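Got the viewer open and a selection box ready? Let's walk through this one stop at a time, picking residues as we go.

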Amino acid sequence: MSVFRSYINGKWLDSQPVKTVPNINPANYNDVIGMVQLASREDVKKAVESAYVAFPAWKRTPAPVRGKIIANAARLMECRKEELAAAITREEGKTLAEARGELTRAINVVEFCAGESRRLTGETIPSELPSNFAYTLRMPHGVVAAITPWNFPIAIPAWKIAPALVAGNTVVFKPSTLTSMTGTLLTEIFNEAGLPPGVLNMIIGSGADAGDELLAHPAVKAVSFTGSTETGLKIYERVAARCVRVQAEMGGKNPVIVMPDCDLNLAVECTAQGAFGSTGQRCTATSRAIVIESIADEFVERIASRARSFRLGDPSNVDTEIGPSVDESQFNTVLKYIDIGREDGASLICGGRRATGNGLENGYFVEPTVFDKVTPDMRIAREEIFGPVLSVLRVKDFEEAIAVANDSDYGLSSSIFTNDANTIYRFIDEIETGITHINSPTTGGEAHIPFGGIKNTGLGPREQGSASLEFYTELKVVYVDYTGRKREGNLY
Ligand code: NAD
């Protein structure tokens with residue numbers, strides 16, 4: 001049986017003391033993938049110290065040389081794509097097609113970051129003094145902590161590790177323990193690509209111990225986090241007194257607005273894909289459909305029929321469209337929210353139960369669920385569920401739709417279905433999300449395009465694209481005076 005360990009200073013190390021938890025396939029909990037050795041606080045200290053020691057030489061390595069190593073990592077990921085996709089599917093539960101899609105995005109991100117190593121430019125700025133030259137340089141922070149969730153176990157780590165390393169930082173990566181196998185494979189690939197020992201370390205461990213120790217270490221200068229809003233805000237608070245830089249991409253409650261003039265087939269299909277694809281376990285998943293009353297009956301009938309049509313099953317089977325929730329705790333959370341929806345008075349149109357039959361009872365499967373007549377004050381309209389559950393909210397017109405869409409603590413993604421140009425541009429102006437889509441699902445993104453949310457979803461600069469380097473670097477401003485004389489003027 002596989003054992004997943006931490007990777008510190010170029011070596012896989014047994015945790016001290018050894019404490020393990022099983023890594024379980026959520027589609028079949030009789031399939032124990034391996035044992036995860038949880039890093040102790042001492043192990044975490046060693047990982048940070050190794051990153052700290054490796055930093056000066058890595059920082060001095062020319063950025064394009066760092067970029068070549070990152071490009072090697074992209075090539076290795078491409079060569080091992082099927083192995084990585086199978087690992088994601090077995091451990092996280094998304095379908096093979098979804099896992100391959102995640103891999104494509106991750107490889108694209110890593111390739112893009114390799115190219116960025118040749119564009120780590122500053123600015124030259126005209127001075128107001130004669131014979132003076134001013135410019136900016138980008139400087140790495142030092143040791144960066146990359147703390148990631150389980151739902152995109154390759155892509156999210158890739159889009160943190162690659163830009164952090166290209167910028168000249170060293171990294172301590174902490175994946176979710178639920179996805180230790182994919183975290184292990186990714187770490188192996190980056191190191192095989194040619195990173196010197198200590199430049200990328202991985203600790204597998206709980207948030208409360210390993211994560212907390214990582215935040216406590218004075219050598220950690222920046223934290224890039226993706227996960228729930230609750231954890232992100234705790235992390236922000238934990239390191240604020242040390243002025244540690246924090247980037248946090250957190251929860252979502254993403255709305256689609258469905259207008260009467262839209263292509264209803266398109267709206268239904270995109271909403272269904274956004275709500276139920278990846279088992280609703282995407283941060284950008286559609287969880288609220290805000291529908292104008294005049295077409296609401298028809299929308300609800302069609303979306304429920306589409307929800308019932310999805311094939312649930314073993315995600316490694318090519319015919320499967322929806323896999324399980326990632327673990328027992330997430331599965332129970334989803335079922336708990338379905339009960340809350342019923343108790344709060346929403347109309348359950350379809351789903352609403354654990355899915356069984358054909359071996360589904362050995363995994364954490366929930367039927368795709370649609371609630372109608374959800375009101376904005378209900379908990380299923382306000383709180384992130386992170387499962388295959390869609391809430392339909394009926395509204396009278398566009399103004400009410402926008403007000404309801406924006407009546408949320410979250411602000412990650414959104415979408416509108418309409419063919420009216422004026423409505424589209426009013427929506428773009430008024431919707432309060434970091435990403436928005438027109439006539440397409442709330443999900444998806446491209447490697448070279450910034451990604452992230454506003455309100456309680458996002459903190460700090462955006463991830464991905466050139467914008468990602470803003471977080472991983474500090475600007476140094478340089479003034480060069482080549483007059484050879486004492487400065488005259490500009491004495492402020
Ligand atoms: P989580 O917040 O439970 O955990 C995320 C990571 O933080 C894990 O590695 C965990 O071990 C670690 N952690 C937990 N407590 C910690 C602590 N006190 N100190 C340091 N680290 C700690 O989230 P999750 O359940 O793994 O992931 C699901 C969440 O992630 C959802 O809310 C989803 O919306 C969000 N998410 C957001 C985005 C985005 O870009 N906005 C992308 C993917 C997922």
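## Start inside: the largest cavity

Select Gly280, Ala285, Ser287, Ile385 and Phe386: of the 15 residues that line the largest cavity, these lie nearest its centre. One thing to keep in mind as you click around is that this is a predicted model. The volume of this largest cavity is about 100 Å³. Colour its lining by class and you should get 6 nonpolar, 6 polar and 3 charged residues. In total, the structure holds 4 cavities of 30 Å³ or more. As background for this kind of search, rolling a probe the size of a water molecule over the atoms shows where empty space is left.

## Next stop: the largest pocket

Now move over to the largest pocket, which holds about 1,100 Å³ of space. To centre the view, pick Trp150, Phe225, Gly227, Ser228 and Thr231, the closest to the pocket's centre among its 43 lining residues.

Switch to cartoon and highlight α7 (207-216), β11 (220-226), α8 (229-240) and α11 (328-343); each of them supplies at least two residues of this pocket's lining. Which element gives the most to the lining? That's α8, with 6 residues. By class, the pocket lining comes out as 16 nonpolar, 17 polar and 10 charged residues.

## Turn on the ligand

What takes up the space of the largest pocket? Show the ligand and you'll see: the space it takes is that pocket. In the shell around the ligand, α7, β11 and α8 are the elements that give two or more residues. Here α7 gives the most, with 4 residues.

Expand your selection to the shell, and you have 27 residues surrounding the ligand, with Thr148, Lys174, Ser228, Met250 and Glu384 the closest. Split by class, the shell has 13 nonpolar, 10 polar and 4 charged residues.

Time to draw some distances:

- **Met250:** a backbone N or O atom of this residue lies 2.7 Å from a nitrogen atom of the ligand.
- **Trp150:** go to the side chain here, where a polar atom lies 3.0 Å from an oxygen atom of the ligand.
- **Gly207:** back to the main chain, where a polar backbone atom is 3.5 Å from a nitrogen atom of the ligand.

How much of the ligand does the protein bury? Taken alone, the ligand exposes 850 Å², and the protein buries 87% of that.

## Last stop: two backbone oddities

Leave the ligand and jump to the low residue numbers. Most residues other than glycine have a negative phi, and most peptide bonds are trans.

Select Asn9 first, in the loop between β2 (6-8) and β3. Asn9 isn't a glycine, yet its phi is positive, at about 50 degrees.

Then select Gln16 and Pro17, and check the bond that joins them: the peptide is cis, with omega at about -5 degrees. For orientation in the cartoon, Pro17 sits in the loop between β3 (11-13) and β4 (20-24).

How values were computed. Residues numbered from 1 in each chain as written. Predicted model: local features only at pLDDT ≥ 70, side-chain atom pairs only at ≥ 80, totals over all residues. Heavy atoms only, no water. 1 Å grid on protein atoms, 1.4 Å probe; cavity = no way out; pocket = protein on both sides within 12 Å on 5 of 7 lines; lining within 4 Å. Points joined across faces, edges and corners; volume = space filled by probe spheres on them. Nonpolar A, V, L, I, M, F, W, Y, C, P; charged D, E, K, R; others polar. Near = heavy atom within 4 Å. Polar contact = N/O pair within 3.5 Å; in protein donor to acceptor, adjacent residues only side chain to side chain. Areas by Shrake-Rupley, 256 points an atom, 1.4 Å probe, with all protein chains shown as cover. Sits in = over half its atoms within 2 Å of the grid points.
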